[in-house]
Amino acid sequence: MKKSILLPTDFSKNSWHAIEYALGLYKQFHCNFYVLNVFSAVPNIVDSLLNMEPGSSLYEEAKLESENGLAKILDMITLKNDDNVKHSFIQLSSFNHPLEAIKQKVEEKDIEMIVMGTKGETNSNREVYGSMAISVMEKVRNCPVIVVPEKAKHELPKEIVFPTGFKTHFKKKELNHLVEIANNCNASIRILHVANEIKLDKTQKNNRTLLEDCLDTVDYSFHFLSNMDIPSAINCFVESRESGMVAFINKKHTFFGSILKHPSVKGITRSSTVPILVLHDLRN
């Protein structure tokens, strides 16, 4: 059975970089790649949705620009993909708010993974992660997402950092995408616990045992850092080991905003050059 992968694009350099990364990551898999562009006639999406109707000149011009851009992307993919017979590509042009369009396509196409850039065409140098990337990470609760910084290397990860406080129990279904990527890339998973006290309580010990069961088919190890805030600890760990990916389970909507907007990840550091795999707590 083919995997269904959604590739949102605004035709920016970063979104193309994310597409290239996805093609490499899923090179060995049979996949349907849905390349999605969300269009509007004016920069303000609310005004666009209120004032632009199908059939109007504004709508038709924006739609044509979207479809032509997607056709160009598919041509670039054909040149890049070396005739990989395992991959099929479907272009999707949607007039909607980007987040709502992504949610809609995830449901309609039974999407298993979203792969997107961290920043779009505005590409502010002041933020490592753009508002749309953070919105997708936080609010698309029924599908994991990989966000790929523009400076991320195209090489597959050989080490994936998985930060956790062992405060919630784990389920194999939550972690199956992490395990699949690790197995496909022959990557090790480095479980990072950041706390002032290395000793775990009874609940944390039980959750650690559950995690070991979930990761029984991959190479993994446990690591501990203290006397640091979580974002700084992740930065230091990833940078010192030259890790290739960071994976999180998103347990609440405010978590990623607080982590990814923290000053320690705004600068030019290694953690702004590694893809982020965002999984979801199935109980939310």
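A charge sits over a ring if NZ of Lys or CZ of Arg is within 6 Å of the ring centre and within 35 degrees of the ring normal. This is a predicted model, and here arginine 208 lies over the face of phenylalanine 222, at 3.6 Å from the ring centre.

Rings also meet other rings: there are eight aromatic pairs. Take tyrosine 59 and phenylalanine 95, an edge-to-face pair with 5.4 Å centre to centre and 85° between the planes. Tyrosine 59 belongs to helix 3 (residues 57-80) and phenylalanine 95 to strand 3 (residues 87-95), so this pair links distant parts of the chain, 36 residues apart. Tyrosine 59 is buried, at 11% relative accessible area. Add Phe39 to Tyr59 and Phe95 and you have one aromatic cluster.

Now for the charges. Side chains of opposite charge can pair when their charged atoms come close. The count here comes to 10 salt bridges, including these:

| Pair | N to O distance |
|---|---|
| glutamate 112 and lysine 3 | 3.7 Å |
| lysine 13 and glutamate 150 | 3.7 Å |
| arginine 190 and aspartate 219 | 3.7 Å |

Arginine 190 sits in strand 7 (residues 188-194), while aspartate 219 is in the loop between helix 7 (202-214) and strand 8 (220-225), so their bridge ties together parts 29 residues apart in sequence. Arginine 190 is buried at 14% relative accessibility, whereas aspartate 219 is partly exposed at 43%. Both belong to a salt-bridge network with Glu159 and Arg241.

What about disulfides? There are zero. Cysteine 214 is buried at 8% relative accessibility, and cysteine 236 is partly exposed at 38%.

Terms used. Residues numbered from 1 in each chain as written. Predicted model: local features only at pLDDT ≥ 70, side-chain atom pairs only at ≥ 80, totals over all residues. Heavy atoms only, no water. Disulfide = S-S within 2.5 Å. Buried < 20%, exposed > 50% of the residue type's maximum accessible area, 1.4 Å probe, protein only. Phe/Tyr/Trp six-rings, centres within 6.5 Å; stacked < 30°, edge-to-face > 60°. Helix = DSSP H or I, 4+ residues; strand = E, 2+ residues; numbered from the N terminus. Salt bridge = Lys/Arg side-chain N within 4 Å of Asp/Glu carboxyl O.
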